[in-house]
Amino acid sequence: MVRGCTRGACRRFIDRRQSALNFGLLVVAYILYLIVGAGIFSAIELPYEDALRQKLKADLRDFLRNNSCVSDARLEELLARALEASNYGVSILGNDTQRSWDFVSSLFFTSTVLTTTGYGHTVPLSDGGKAFCIFYSLLGIPVTLFFLSAAVQWIMSVVTRRPLSYFHRRWAMSKSHLGVIHAAFLAFITTLIFVIIPAWIFVTLEEDWNFLEALYFCFISLTTIGLGDYVPGETPSKDVNPHPHLYRLAITVYLLLGLVCVLVVLETCWELPQMKRLRHRFYEENLRELDSETTNIIDRDQLSDQLADTADHVIDHPATISSVSEQAASIRQNGKSAPYTLASGSALNGKPR
């Protein structure tokens with residue numbers, strides 16, 4: 001008896017706190033995902049880091065051995081200055097031809113700042129530039145988010161909502177199943193146009209990149225991760241890149257368009273009914289209101305279909321107009337809505353209902 005009461009109490013407690021328990025499990029799973037990712041990255045990258053450090057130390061010893069006139073302290077001082085300058089986007093390699101703060105490069109910098117990509121290859125050098133970057137970003141980032149949100153909603157009305165409504169009426173398919181197919185197709189097209197094809201283009205234009213590195217750059221950029229280890233247009237060679245300003249401007253346009261299209265795909269997936277049901281598992285919500293809203297949506301869809309069938313029937317059978325008028329008057333007198341029913345013996349599109 002006691003055991004039965006305990007099980008019943010536990011069951012009721014779990015039912016009442018189901019969303020909180022689901023959210024707790026989600027937090028634990030996310031933390032485990034972080035830990036597993038950190039362990040894998042450490043296992044993969046740490047040997048390469050140690051090997052590179054050992055090779056760099058060996059090269060430094062060889063240089064000092066072959067150039068005895070250079071002291072260890074002076075060489076380290078020079079290298080420290082060169083690394084500090086490199087962190088600010090100034091390199092001693094090809095410095096006569098490469099500029100980090102001309103207008104086009106500054107435009108590229110502002111686009112990476114306002115979209116929060118932030119490669120980090122170019123940063124403000126002066127105190128005035130750093131102060132202006134704070135105030136510029138403080139206003140520009142919310143404006144950029146608003147612009148991206150408006151652009152995404154406008155594009156979704158053209159490439160998502162209208163096609164779904166059209167094919168739903170045309171094929172009479174479930175919107176949930178149709179939405180999954182549409183989202184998968186949209187993701188495939190976006191990946192092809194803004195990841196695969198640009199990666200091949202970058203391979204031809206960047207002499208030091210292979211396809212994996214170009215693909216890596218496209219993914220890191222369009223997801224606004226922006227690690228900055230690969231930035232196109234950094235080569236000082238005029239033979240490979242004869243129009244560096246035009247190339248950098250094209251990259252800026254590509255990143256903005258690609259980011260908008262990626263957000264469209266994410267928003268399309270986010271609005272899928274399956275995703276909405278999954279989200280409802282992790283937070284409290286009045287399920288009755290949700291069910292009521294869903295029921296109203298279904299009723300409106302059914303009412304629209306019924307009205308369309310009724311209009312077709314009235315066109316084919318004008319005599320039923322009087323029956324429709326009588327039912328409308330009855331609805332107004334009763335003060336509540338009721339589904340329209342055809343008069344007995346009538347037919348829809350020539351077939352008995």
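In which hand does α4 pass α8? In this predicted model, the crossing of these two helices is left-handed. A helpful way into the packing is to take each partner of α8 in turn.

Helix α4 spans residues 103-114, and its axis lies 9 Å from that of α8, at an angle of about 15°. Because angles under 35 degrees count as roughly parallel, α4 is roughly parallel to α8. On the α4 side, the contact is built from V104, S105, L107, F108 and S111, while α8 contributes H245, R248, L249, I251, T252 and L255. Sorted by class, the residues of this contact comprise 6 nonpolar, 4 polar and 1 charged.

The other partner is helix α6, residues 175-205, which packs against α8, residues 244-270, at an angle of about 160°. Here the axes are 9 Å apart. Since angles over 145 degrees count as roughly antiparallel, α6 is described as roughly antiparallel to α8. The crossing of α6 and α8 is left-handed.

Turning to the residues involved, α6 offers H182, A183, L186, A187, T190, F194, P198, F202 and L205. These meet a set in α8 made up of Y247, I251, Y254, L257, G258, C261, V262, V264, V265, T268 and C269. The contact of α6 with α8 contains 16 nonpolar and 4 polar residues, with no charged residue among them. One residue of α8, I251, takes part in the contact with α4 and also in the contact with α6.

Key:
Residues are numbered from 1 along each chain as its sequence is written. This is a predicted model: local features need pLDDT of at least 70, side-chain atom pairs count only at pLDDT 80 or more; totals for chains, interfaces and linings use all residues. Side-chain values use heavy atoms; hydrogens and water are left out. Axes are lines fitted to C-alpha atoms, for helices over the stretch in contact, and angles run from 0 to 180 degrees between N-to-C directions. Helices (H or I, at least four residues) and strands (E, at least two) are DSSP runs, numbered from the N terminus. Angles under 35 degrees count as roughly parallel, over 145 as roughly antiparallel, 65 to 115 as roughly perpendicular and the rest as oblique. A crossing is left-handed if the near helix is turned anticlockwise from the far one by less than a right angle, and right-handed if clockwise. Contact means heavy atoms within 4.5 Å. Ala, Val, Leu, Ile, Met, Phe, Trp, Tyr, Cys and Pro count as nonpolar, Asp, Glu, Lys and Arg as charged, and the others, Gly among them, as polar.
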